[in-house]
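Me: I would like a close look at a single part of this model, with the packing described first and the surroundings afterwards. Please keep the account connected.

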Amino acid sequence: MNRILTTPRNNWQQRLEELGFGFHSLEDAYWDESAYYEFSRAETDKLEKATGELWEMYLEAVEHVISKNLFFKFQIPEWFRKPITDSWENDAPSIYGRFDLGYDGNQIKLLEFNADTPTSLFEGSVVQWYWLKDKFPENDQFNSIHEKLVEYWKYLRPYLSCDFVHFASLTNIEDVTTVEYMRDCASQAGLETQFISVQDIGWAEEIKEFIDENREVMQVIFKLYPYEWILAEEFGKHVAANLHKTQWIEPAWKMLASSKAMLPVLWELFPNHPYLLESYFEPRHLVSYAKKPLYSREGANISLFRNYRPVEENSGNYGKEGYIYQQLFDLPNFNGNFPVIGSWIVGQEPAGIGVRESVNLITNNQSRFVPHLISQ
């Protein structure tokens with residue numbers, strides 16, 4: 001794994017915008033092609049293997065939490081536990097997730113799993129692929145995300161209650177771009193689709209159904225909106241009551257997988273596993289560790305401690321559900337740039353990676369997306 005400086009394409013902003021990637025330079029540079037990461041084939045094989053194994057471990061851990069009734073560790077209210085269990089037992093359709101991995105060229109360690117509302121999908125799937133074809137057409141990339149998404153939507157069609165899927169998100173450019181990209185993949189799989197903002201999803205009390213702006217019943221909804229936010233609203237009670245009618249993608253059980261409470265559960269189930277960092281619901285004997293809220297986005301409210309002393313902290317509005325404590329992993333340092341690998345699982349298969357890097361130790365919404373290739 002190397003970080004190599006390179007010259008950006010002359011017209012890189014135009015090239016990105018032609019793809020429909022409009023948030024490359026919002027508050028700060030987000031897309032950064034002044035460098036790229038180079039992996040050997042053996043290294044990408046290792047990452048692929050780790051991703052597949054971690055997915056299997058997560059499935060086992062979800063089953064463990066449900067069968068042992070450990071919902072209290074996840075601060076999930078009583079009224080949403082049955083919907084989670086039902087969605088798990090009914091094998092409700094799930095599409096994707098992104099493991100955030102620390103990789104120093106030797107060890108691969110799970111930092112967390114974005115199982116419910118992972119972002120950086122479009123840039124990981126399409127944008128970095130076109131960068132590769134422009135810059136290094138002879139090289140390959142660990143990236144079959146797009147093909148696997150289209151194929152998995154095709155696979156799921158018989159399991160959906162109808163061939164019409166609403167795609168919902170907030171209206172900020174990043175979320176809309178991500179959802180529109182996923183919508184395009186579903187369309188290529190032969191499904192009819194429609195975008196709707198989360199705020200426009202209605203509830204018809206008289207028929208107890210979710211309805212769109214045209215008062216059409218919504219039978220299948222893909223959402224980019226976290227379950228912990230849904231549960232904090234009256235909306236959440238309707239989701240719980242209506243789950244036998246409306247299919248939500250991702251399904252309710254993904255709330256367990258996306259919670260950082262799963263990290264200590266995994267450590268208990270697979271102690272000393274080479275892909276895991278020691279994790280607990282309290283600091284215990286950890287000397288250098290990350291303190292992470294059970295639920296948060298973009299690194300918010302994460303604090304890092306080294307030798308008991310705080311070394312970095314992010315602000316935010318998360319943490320009321322509690323925290324977990326995870327052994328600190330030393331990210332590789334490339335001249336002050338610290339990369340985290342986002343490794344995608346689509347359906348049941350590893351599908352590719354994207355790299356986010358930061359001048360900070362905590363990856364957050366300021367972290368840049370840097371493309372990658374496989375060395376020849």
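At what angle do the axes of helix α2 and helix α3 cross, and within what distance do they come?

Reply: The model is a predicted one, and the description below should be read in that light. Two packed helices are described by the angle between their axes and the distance between the axes. Here, the axes of helix α2, residues 41–67, and helix α3, residues 81–89, cross at roughly 135° and come within 11 Å. Angles over 145 degrees would count as roughly antiparallel and those from 65 to 115 as roughly perpendicular, so α2 is oblique to α3. The crossing in which α2 passes α3 is left-handed.

On the α2 side, the contact is made by Leu-59, Val-62, Glu-63 and Ile-66. Helix α3 contributes Ile-84, Thr-85 and Trp-88 to this contact. Sorted by class, the residues joining α2 to α3 are 5 nonpolar, 1 polar and 1 charged.

Helix α3 also takes part in a second feature, the lining of a pocket. The second largest pocket holds about 310 Å³ of space. It is lined by 17 residues, of which Ser-87, Asn-90, Ala-92, Leu-243 and His-244 are the closest to its centre. Two elements, α3 and β10 (247–249), each give two or more residues to this lining. The largest share comes from α3, with 3 residues. By class, the lining of the second largest pocket comprises 9 nonpolar, 5 polar and 3 charged residues. Helix α3 thus appears in both parts of this account: in the contact with α2 and in the lining of the second largest pocket.

Definitions and conventions. Residues are numbered from 1 along each chain as its sequence is written. This is a predicted model: local features need pLDDT of at least 70, side-chain atom pairs count only at pLDDT 80 or more; totals for chains, interfaces and linings use all residues. Side-chain values use heavy atoms; hydrogens and water are left out. Axes are lines fitted to C-alpha atoms, for helices over the stretch in contact, and angles run from 0 to 180 degrees between N-to-C directions. Helices (H or I, at least four residues) and strands (E, at least two) are DSSP runs, numbered from the N terminus. Angles under 35 degrees count as roughly parallel, over 145 as roughly antiparallel, 65 to 115 as roughly perpendicular and the rest as oblique. A crossing is left-handed if the near helix is turned anticlockwise from the far one by less than a right angle, and right-handed if clockwise. Contact means heavy atoms within 4.5 Å. Ala, Val, Leu, Ile, Met, Phe, Trp, Tyr, Cys and Pro count as nonpolar, Asp, Glu, Lys and Arg as charged, and the others, Gly among them, as polar. On a 1 Å grid over the protein atoms alone, a cavity is a set of points where a 1.4 Å probe fits but cannot get out, and a pocket is an open set with protein on both sides within 12 Å along at least five of seven lines; lining residues have an atom within 4 Å of a point. Grid points are joined across faces, edges and corners, and a volume is the space filled by probe spheres set on the points.
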